[in-house]
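Trainee: Could you walk me through this one? I have it open, but I'm not sure where to begin.

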Amino acid sequence: MNILTGIYLVMFFIGLFLIFIFIILHLRYRKSLNAYPVPKSYPTISILVPAYNEEKNIGETIRCLLALKYPKGRKEIIVINDGSRDRTAEVVRKFTEKHKEITLIDKPNSGKANSLNYALKRTRGDLIAVVDADSYPNQDALEKMVGHFEDEKVAAVTSRVLVKNKERMLGKFQVMDYSIIAWTRKLLDFVDSVYVTNGPLSIYRSSVIKRLGGFDPTNLTEDIEITWHVLSEGYKTRMSYSAIVYTSVPLDLKTWIKQRVRWNLGGIQTVRKYYKSMFSNAGNMFGYFVVPYVSASFILAIVGILLFIRYVWVKGTYQLLSAYYALQGYDYFRYFEFSFSFTLLIFFGALFFICSIFHYKMGFRNSETGDKSVLKILAYSVLYRALYIIPLVAALYKLAKGDLRWYTK
Amino acid sequence: MVHQIATSRFRVFIEAFLAVCVVFLIGFSLGYFIESGRADALMRYSQGYEIEALDLRLQNYYYQLMGEDTCTLAIEQNFLFADQLYEKGLQLERYEESNQITAQMVNEKKLYVLLKTELWMNSILFKEKCKVGFDTIVYLYVNEPENSAKVAEQKIISNVLKSVKESRGNDVILLPIAGDIGLQSVELQKRIYNITSLPAIIINEKEVLYGFQREEDILKRLSE
């Protein structure tokens, strides 16, 4: 067996192992996906909304936050205007005049994490909720999340993010993407492994976040970093699948790539910060599963890219050389042939592919998108998921150059 | 301890791990079964060809003793055997590419190279003795090319030669021979024909061509 075959087999093994985990978790807990603990009491909550140039969205976000079902006087809304150069502050000010529960903090631009830390010092709530300025929670979102905090070990609870703007092909693919992300994240909740508390809506135990020093301003994905921080301290994170928040997603490829590059860079930064916790007892599942799982995902993706480049190189060389010789009289089209022979890798590749389709189908069936045809799943896997390569390669390139400035404000 | 794991959150990981192990066990067993079947089939063929090669050698002695009137029959046999060897050689390569668990069939490959070399020698003898006009094209290639450009180049050359064989049928004996698998008889031929690099094409034991050649250019060098 050559090295290349060995690498492929290891990749298939890890890939199948992860898919089987999700399939087993789903089969075991599918009836509990939407369950959440009904709160016995309602802790005070400070909702932080960092905003930078959000004049178009902030109004609707605030209206959604005002409409949230939560006992009167138990919630406050703090909008942090992070040095916006548009009319964000002006829009928010109009709301503050009518609603006493809304506070506007104006500060020079310093990024999301710094804005959150700045506001954190001024919060009084037992819990703090972080809501992106272009995200819109359902009315019942908070009450479907806060019950989790009755477990003293829970330090963060996240919600299910759905796509608001479903226009264009890229928007439609992201609807599918966000559904799968939410579904797998919920399944990981059953093994105490929710490793991201998303930006659109997550709630944190205020005392824990303050004790840990707040959000890390050097990390490009402060939501991943804070989750790993609380997990590494032995706290639990939860996800409420029935608490829904809608968010605006990029509809052009350039913005989508920019967003995903930031996610990748932040993810890699976080792995680098916490990799020493791998297989340690710190946070139990954190060391034994979360860190190895996310690290393995990055490694698999990188190895996958290298194998893909090799494949393209080998096939490309043949095609280029054929085209070159075709200029000298070689009959290029005459020798086009397709032969098929059973190989071990084809067997595992086909099995992995079938399991992936089954896994996606299961996820869609249990999300707001509903069941999807195999054809649509194929289009999603082949046309959209393949795009994941671009931001990952760009992130690795930026990381190699040590260039993170583009993403800091 | 076992009970603790079976009822803990780690249970799902153990179940998933065991499930993948079972799948891999089935996959490997199936793969091994199919690959062994292919290897056995090739072994059977090569044993059969060893006998045919001996037979051909005996026929050769016989034809040398007998008059020139036996030439047609001898050449017919030579062509038949050459075509069979060519087809099986292609099959061997395909199997070798597909087989991922079982060891490479190096010995079978060496045997095929020896048989082809012997056939080549036979062809040279027949050409001299029978004075008939058939052509031999010996294609010496690299068995394990060091880069994808070399792989592509060899595949293209092999396609062109296949096409030449198809267009000239029984007027041409095509003998693709791995030129770098450590066989003294092949090394000797490389020295005789002063082969400096691979891949190389030897046409009628006279001309040595290197690299890509157009089909028309090869056809021009063959007998009319």
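Mentor: Let's begin with a term: the domain bounds used here come from an automatic or database domain assignment. Please also keep in mind that this is a predicted model.

Trainee: Okay, so into which domains is chain B divided?

Mentor: Chain B splits into domain 1, covering 1-132, and domain 2, covering 134-224. Where these two domains of chain B meet, 16 residues of domain 1 and 15 residues of domain 2 take part in the contact.

Trainee: Which helix gives the most to the domain 1 side of that contact?

Mentor: That is H4(B), which contributes ten residues to the side of domain 1 of chain B touching domain 2. Helix H3 (71-98) and helix H4 (106-130) of chain B each supply at least two residues there, and by class this side of domain 1 has ten nonpolar, three polar and three charged residues.

Trainee: And how many helices and strands does chain B have?

Mentor: Chain B has seven helices and four strands, and, read from the N terminus, their order is α-α-α-α-β-α-β-α-β-β-α. Of the 224 residues in chain B, 28% count as buried.

Trainee: Switching topic, how many residues of chain A are in contact with chain B?

Mentor: On the chain A side there are 32 residues, in contact with 29 residues of chain B. Helix H1 (3-29), helix H9 (285-326) and helix H10 (344-365) of chain A each provide at least two residues of that side.

Trainee: What classes do those chain A residues fall into?

Mentor: The side of chain A that touches chain B consists of 23 nonpolar, eight polar and one charged residues.

How values were computed. Residues are numbered from 1 along each chain as its sequence is written. Chains are lettered from A and ligands numbered from 1 in the order in which they are written. This is a predicted model: local features need pLDDT of at least 70, side-chain atom pairs count only at pLDDT 80 or more; totals for chains, interfaces and linings use all residues. A residue is buried if 20 or more other C-beta atoms lie within 10 Å of its own, exposed if 12 or fewer, and partly exposed in between; C-beta atoms are placed from the backbone. Two residues are in contact if their C-beta atoms, placed from the backbone, lie within 7 Å. Ala, Val, Leu, Ile, Met, Phe, Trp, Tyr, Cys and Pro count as nonpolar, Asp, Glu, Lys and Arg as charged, and the others, Gly among them, as polar.
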